[in-house]
Every structure is written in structure tokens, then in C-alpha cells.
Amino acid sequence: MSKPLIQLQEITFKYHSDDEEEALKDVSLSIYPGEWVALIGHNGSGKSTLAKTINGLIQPSEGKIFVKGELLTETNIWSMRQLIGMVFQNPDNQFVGSTVEDDVAFGLENHGVPREEMVFRVEDALERVRMLDFRTKEPSRLSGGQKQRVAIAGVVALRPDVIILDESTSMLDPEGRLEVIDTIQKIKEESNLTVISITHDIDEAAFASRVLVMEQGRLVKEGTPEEIFSAGEALIQQGLDMPFPEKLKVALKKKGIPVPNEYLTEEGLVDFLWTSDLKK
Ligand code: ADP
Ligand code: MG
């Protein structure tokens with residue numbers, strides 16, 4: 001197995017020293033190159049705090065973080081942060097430029113990328129998110145999905161190894177969500193990007209190769225989407241929203257209808273319903 005890209009060792013964090021509860025408690029995890037990891041859990045379970053810890057916005061009270069095998073310290077934090085890009089929830093809070101291309105250029109300017117290289121990277125990033133035609137447009141005039149694609153371009157232009165999506169699709173309509181997820185998938189394939197996606201949308205988590213579940217600041221479970229989602233009723237008890245096909249399976253089971261145990265996509269479920277005799 002390849003070496004971890006990111007490694008957290010027993011991370012603990014409190015926002016204020018007099019807080020009773022830690023926002024993160026003894027969290028250890030490894031993220032490997034090219035993985036797509038979904039991070040799920042209740043509101044307030046510590047997902048955003050964990051994300052900010054990973055990209056160095058927050059320094060843990062205890063524990064160690066390694067990025068590419070190198071210990072994260074106060075002196076290397078700025079260069080390490082470039083390796084890990086973040087896209088946040090609200091598309092409207094992420095713009096600093098008056099045009100789409102200015103906005104994407106901003107982060108590069110901040111990192112002192114030379115002008116010629118900058119022009120090239122802005123164009124390349126906008127092309128990758130299919131927003132090149134909008135380069136001179138005002139960000140405020142775009143749809144939610146387009147705004148998030150521009151935010152992704154801003155991160156991609158910095159050539160990170162990891163992109164963290166912190167509920168980046170939660171304010172979008174289904175079409176916008178799909179746009180964003182398709183975009184990330186495409187970029188991931190092209191450039192072996194590692195993706196950490198924080199989401200309440202478990203259909204989105206199904207894209208992951210590994211799902212991590214957080215509860216009250218702790219990492220409580222991990223597995224493939226199939227393993228995590230087939231714990232159907234237990235998931236409800238954890239207060240997580242189950243994917244629609246799983247909800248329907250639980251409801252059918254309660255009515256005494258035999259349903260397959262494995263995780264089904266919506267299509268898979270339609271096939272099952274279509275071919276089975278449910279009338280009795
Ligand atoms: P999630 O992203 O899973 O909803 P957060 O990481 O935002 O959870 O929050 C974890 C805990 O830390 C919660 O109890 C929350 O109230 C607290 N918290 C989050 N941000 C701050 C902050 N800036 N100052 C103080 N407490 C915070
Ligand atoms: Mg959050």
C-alpha cells in the first residue's frame with residue numbers, strides 16, 4: 001500500500017480552553033493518494049473542525065499531523081496549505097474578484113505565482129471546470145452550481161494534492177450538485193486528485209471509496225459506502241439521512257417484503273421492484 005498523503009495522530013482540539021467538550025477527540029486517520037473519502041455525521045459532530053485541522057487553518061491542542069510524511073509545524077504550514085484546497089458551503093461567500101477570471105487569479109497572486117504562469121493556470125483551471133466561456137462574467141450572476149465550479153477552479157489553479165469539499169453542494173439544487181460532483185470526478189481522474197467530501201447527502205457519499213463517520217468529535221466508524229449504508233436502521237439511530245433506496249428498503253422490509261441485503265443504487269432498486277412480485 002502507498003504511503004499516506006495525510007496522517008492524523010490522536011488529534012484533540014478545543015475552540016476555547018474553558019469549553020467543556022472538545023470539538024475533536026483523539027482522532028487518528030490516514031488518507032491515501034487518489035482516494036475519495038466521504039466524511040459524514042450530525043451537525044456539530046466536528047467535520048468542519050477536522051477539515052480545518054487538515055488544511056492547517058486550525059492548530060490542534062494535542063496530536064500530530066503529517067502531510068506527505070512531513071510533520072505540520074508553524075514554519076511549514078503556509079506551504080503545506082497550498083497542497084490542500086478547500087471549497088466551502090456558501091457559494092456567495094467565496095468570491096473576491098469582480099470577474100470569474102480575476103477570482104481564480106486571486107489565490108495565485110497571493111501565492112506569488114508569476115504573471116505568465118498565472119494566466120496559463122487560470123485558463124487551464126476554468127477549462128477543467130467548463131467555465132472558460134464565463135471568464136469575463138461577474139460571479140454574482142452565475143447559478144449556484146456554476147459559482148461552486150468557479151470556486152473549485154480557484155482551488156484547482158493552486159495545483160493541490162487534496163481538495164476538501166465542506167458541504168459544497170448542500171445549498172445547490174439537484175442539477176447544481178450533479179454539476180459539481182461530475183466536475184470533481186473528472187478532475188480527480190485527470191490529475192489523481194485526492195478528494196475529501198463532507199456531506200449530508202448520502203447519495204453523494206456513495207461516490208467515495210471510503211466513508212468515515214463522526215460523532216461528537218470522534219471518528220466512530222469507517223468502511224466502504226456499501227458497508228456503512230447496509231447498516232440501514234443503525235444509521236437512522238445515528239441521525240444520519242439514509243439514501244433514498246435504503247429508506248425504501250427498510251420500509252418494504254417492515255411490511256414483510258424480502259429485499260436484497262446489499263446496497264442498491266436507485267437504478268438497482270428500480271430493477272429489483274420491477275422484477276419482484278410485491279402485491280401479496
Ligand atoms: P460539523 O461541521 O460536523 O457540523 P463543527 O466542526 O462545525 O461540526 O463543530 C464541532 C463543534 O465545535 C460544535 O460543538 C460547534 O458548536 C463547535 N464550534 C464550531 N466552530 C466553532 C467556533 N468557531 N468557535 C467555537 N466553537 C465552535
Ligand atoms: Mg460543518
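Which element gives the most to the lining of the largest pocket? Keep that in mind while you load things up; note that this is a predicted model.

**Stop one: the largest pocket**

Select α3 (100–110). That's your answer: α3 contributes five residues to the lining of the largest pocket, the most of any element. Now add α2 (77–81), β6 (84–87) and α5 (144–156), which, like α3, each supply at least two lining residues. The space in here comes to about 640 Å³. The lining has 25 residues, and to find the middle you can pick Met86, Gly107, Gly154, Val155 and Leu158, the closest to the pocket's centre. Colour the lining by class and you should get 14 nonpolar, nine polar and two charged residues.

**Stop two: ligand 1**

Next, centre on ligand 1 and show what surrounds it: Tyr15, His16 and Ala23, then His42, and then the run Asn43, Gly44, Ser45, Gly46, Lys47, Ser48 and Thr49. By class, this shell splits into two nonpolar, eight polar and one charged residue.

Turn on distances for the oxygen atoms of the ligand. A backbone N or O atom of Gly44 sits 2.7 Å from one ligand oxygen, and for Ser45 a backbone N or O atom lies 3.2 Å from a ligand oxygen. With Lys47, look at the side chain instead: an N or O atom there is 2.8 Å from an oxygen of ligand 1. On its own the ligand would expose 560 Å², and the protein buries 58% of that.

**Stop three: the cavity**

How many cavities of 30 Å³ or more does a search of the whole structure find? Just one, with about 30 Å³ of space in it. To see its walls, select Leu29, Ile31, Val37, Leu39, Leu50, Ile54, Ile196 and Leu212. The elements giving two or more of these residues are β2 (24–31), β3 (36–41) and α1 (47–54). Class colouring is plain here: eight nonpolar residues, no polar ones and no charged ones.

**Stop four: the second largest pocket**

Finally, go to α6 (174–191) and α7 (202–205), each of which supplies at least two residues to the lining of the second largest pocket. The largest share, four residues, comes from α6. About 250 Å³ of space lies in this pocket. For the full lining, pick Pro174, Arg177, Leu178, Ile181, Asp201, Asp203, Glu204, Ala206 and Phe207. What classes turn up in this lining? Five residues are nonpolar and four are charged, with no polar ones.

Conventions:
Residues are numbered from 1 along each chain as its sequence is written. Chains are lettered from A and ligands numbered from 1 in the order in which they are written. This is a predicted model: local features need pLDDT of at least 70, side-chain atom pairs count only at pLDDT 80 or more; totals for chains, interfaces and linings use all residues. Side-chain values use heavy atoms; hydrogens and water are left out. A residue is near a molecule or strand if one of its heavy atoms lies within 4 Å of it. A polar contact is a pair of N or O atoms within 3.5 Å; within protein, one must be able to donate a hydrogen and the other to accept it, and residues adjacent in sequence count only if both atoms are side-chain atoms. Accessible areas come from the Shrake-Rupley method with a 1.4 Å probe; for residues, only the protein chains shown count as cover. Ala, Val, Leu, Ile, Met, Phe, Trp, Tyr, Cys and Pro count as nonpolar, Asp, Glu, Lys and Arg as charged, and the others, Gly among them, as polar. On a 1 Å grid over the protein atoms alone, a cavity is a set of points where a 1.4 Å probe fits but cannot get out, and a pocket is an open set with protein on both sides within 12 Å along at least five of seven lines; lining residues have an atom within 4 Å of a point. Grid points are joined across faces, edges and corners, and a volume is the space filled by probe spheres set on the points.
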